[in-house]
Amino acid sequence: MGERDPPKGEGPFPAPSAPPPPLLSDLYQFSMACGYWRGGRQGEAAAFELFFRHNPFRGGFALAAGLQDCLAFLRGFRFSQEDIEYLKSVLPPTTEEAFFEYLRTVDASEVSVSSIPEGSVVFSKVPLLQVKGPLLVVQLIETTLLCLVNYASLVATNASRFRLAAGPNKKLLELGLRRAQGPDGGLSASKYSYLGGFDFTSNVLAGKLFGIPVKGTVAHSFVSSFTSMGEIKPRSLLPLHGKEPVDFPSLAETWLSRVCRLLRVQLNQVNRGELAAFVSYAITFPQNFQGLVDTYCVMRSGIPNFCAVALALNELGYRAIGLRLDSGDLAKQSVEIRRVFRICSEHFQVPWLENVPIAVSNDVSEQSLEELSAEGNEIDMIGVGTHLVTCPLQPSLGCVYKLVEVNGCPRLKVTEDEEKMTLPGSKVVYRLWDAAGFPCMDLMALEKEPPPKAGQEIAFRLLGRTKEARKVTPSAVETLHRLYFKDGQVCQPLPSLAEIKAHAQASLDKLNPIHKRLQDPEPYQVAVTEKLYSLLTSLQSNGS
């Protein structure tokens with residue numbers, strides 16, 4: 001709960017380390033690259049699309065994330081001499097030396113990437129990235145792009161669902177570093193949880209790298225490490241506006257007696273080690289005092305001790321900034337704690353005390369958060385760890401990267417599993433808006449088709465129900481993708497992480513509530529134009 005504001009003038013957010021090297025890939029990418037090269041096809045113009053097949057968490061949407069990491073990777077995409085030597089050791093010994101010489105020249109200077117702006121609401125089957133360039137190169141970058149987008153979008157979406165469950169007024173603290181899948185996973189979780197709607201992280205390095213506000217309280221180990229008031233060193237505290245130090249442990253004990261009388265708590269039931277821990281912390285951080293109140297009995301020890309130290313600090317001109325609860329019935333206890341704060345505030349004439357923020361943690365999940373909200377509570381901040389960063393309800397978003405065009409000719413993956421069939425050709429994706437001001441459909445069209453216009457009737461086929469032709473008249477039409485990478489360089493101004501977070505919230509705010517329901521949302525419509533549908537059926541009939 002001690003907070004650091006993000007740096008002023010924050011620019012595009014940095015990567016936690018150097019961009020991923022080109023060898024962060026699957027071996028078969030290099031085998032295929034060699035095959036393209038050997039057949040003289042390395043320079044053929046190709047187009048790929050990166051998308052996911054199902055909205056995550058059985059929900060109605062996802063948030064697009066990871067774009068800036070992808071752009072950083074592409075800018076630095078080239079093979080070192082060490083990379084080449086290693087590839088020689090893992091590819092078949094018959095691989096021609098000339099192929100490795102060719103790899104020394106490979107970079108992303110001829111690659112272009114169009115993307116939906118990072119933080120935007122996206123839906124299944126709609127491309128997040130559209131990647132064009134030489135066939136060999138755009139094949140080689142597949143695995144890395146998937147790695148950078150999959151988890152980022154998944155955890156950002158998960159965070160947005162926690163935000164929806166908590167409502168707009170609760171503060172959300174990500175504290176999943178110790179549960180995350182390694183250091184890289186921990187940093188990514190902190191970054192993209194913030195993008196998805198969390199307010200703070202406990203991850204200090206993420207705060208430094210990304211400008212995310214950091215907060216933290218104390219652990220039970222700190223509280224239980226004290227056993228008596230005699231262990232407190234130093235013992236004096238200077239008043240905020242005074243010059244004479246005060247014996248703060250004695251002042252806190254005086255206030256504890258008064259608090260116990262008011263609350264009718266037996267003084268001998270209050271744990272003195274806990275009081276010592278609170279006093280020691282208050283002497284160290286008098287303007288940032290906060291307590292963890294459930295190491296022992298919350299209402300017979302933790303809360304009386306906290307109130308005593310808070311009131312002692314108040315006497316010296318300071319204010320406590322909050323407490324944390326990490327066990328038990330969080331909603332019920334928060335109501336009881338707030339009642340005690342109000343009693344003490346009124347009795348001791350300390351107005352700010354009744355509004356001391358109450359933070360909770362304790363393996364909070366999306367379901368338990370919904371239950372907290374339904375039950376009613378006095379909680380101000382919620383800390384979420386394991387269920388946020390590990391995404392246990394769905395460990396992977398399942399993004400895929402599929403070839404849709406080579407040398408201007410559409411390509412289609414034909415399979416008995418209709419779900420895995422791709423949509424051929426280079427496309428433009430339009431978001432159609434209804435008269436109520438909500439997006440109502442994402443419409444995929446071939447690049448050469450004239451764009452749809454607001455107020456004009458459009459024929460379409462819904463994905464999954466393509467046999468039935470339908471028509472819609474949108475009130476507004478938005479082109480979803482923008483060109484972000486061309487000629488080896490980023491070609492759009494890149495927003496800061498805070499700006500992407502704001503865009504994500506604005507994008508969610510514009511979505512119809514029926515698609516944001518956490519349980520049984522109304523499916524959002526994703527469709528193709530009649531021309532794209534005709535191309536699809538033609539290629540299917542030809543088995544192409």
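**Backbone features, sheets and helix packing in a predicted model**

P234 lies in the loop between α9 (220–224) and β8 (236–237), where helices (H or I, at least four residues) and strands (E, at least two) are DSSP runs numbered from the N terminus. The structure is a predicted model, in which local features need pLDDT of at least 70 and side-chain atom pairs count only at pLDDT 80 or more, while totals for chains, interfaces and linings use all residues. Residues are numbered from 1 along each chain as its sequence is written, and side-chain values use heavy atoms, with hydrogens and water left out.

The peptide bond from K233 to P234 is cis, with omega near -10°. A further backbone feature occurs at Q349, in the loop between α13 and β12 (358–360). Phi of Q349 is near 55°, a positive value in a residue other than glycine. Most residues other than glycine have a negative phi, and most peptide bonds are trans.

Two open sheets are described here, with strands taken to pair if DSSP finds at least two bridges between them. One open sheet consists of six strands with parallel pairing, in the order β7-β6-β13-β12-β11-β10. Its edge strands, β7 (200–201) and β10 (290–292), each pair on one side only. Within this sheet, β6 (residues 171–174) and β13 (residues 381–384) pair in the parallel sense over four bridges; the bridge partner of L172 in β13 is I382.

The other open sheet has seven strands with antiparallel pairing, in the order β15-β14-β1-β5-β3-β21-β22. The edges are occupied by β15 (409–410) and β22 (489–490), each with a single partner strand, so one side of each is left without a neighbour in the sheet. Strands β3 (residues 112–115) and β5 (residues 129–134) are joined in the antiparallel sense by four bridges, and V113 has V131 of β5 as its bridge partner. Helix α2 (residues 67–75) packs on this sheet and touches β3, β5, β21 (482–486) and β22, contact meaning heavy atoms within 4.5 Å. The direction of α2 makes about 25° with that of β21; axes are lines fitted to C-alpha atoms, for helices over the stretch in contact, and angles run from 0 to 180 degrees between N-to-C directions.

Helix α12 (residues 298–315) packs against α13 (residues 330–347), their axes coming within 11 Å and crossing at roughly 45°. The two helices are therefore oblique to each other, the class left after angles under 35 degrees (roughly parallel), over 145 (roughly antiparallel) and 65 to 115 (roughly perpendicular). The contact involves V298, M299, I303, F306 and C307 of α12 and Q333, E336, I337, V340, F341 and C344 of α13. By class, nine of these residues are nonpolar, one is polar and one is charged.

Helix α12 also packs against α10 (residues 248–263), with axes within 8 Å that cross at roughly 125°. This pair is therefore likewise oblique. Among the residues in contact are W255 of α10 and L311 of α12. The contact of α10 with α12 divides into 14 nonpolar, one polar and one charged residues.

The model contains 16 aromatic pairs, counted for rings of Phe, Tyr and Trp (its six-membered ring) with centres within 6.5 Å; planes under 30 degrees apart count as stacked, over 60 as edge-to-face and the rest as tilted. F123 and Y524 form a stacked pair, at 3.7 Å centre to centre and 10° between the planes. This pair links distant parts of the chain, 401 residues apart: F123 lies in the loop between β4 (121–122) and β5, and Y524 in the loop between α17 (513–516) and β23 (525–529).

Key:
Nonpolar A, V, L, I, M, F, W, Y, C, P; charged D, E, K, R; others polar.
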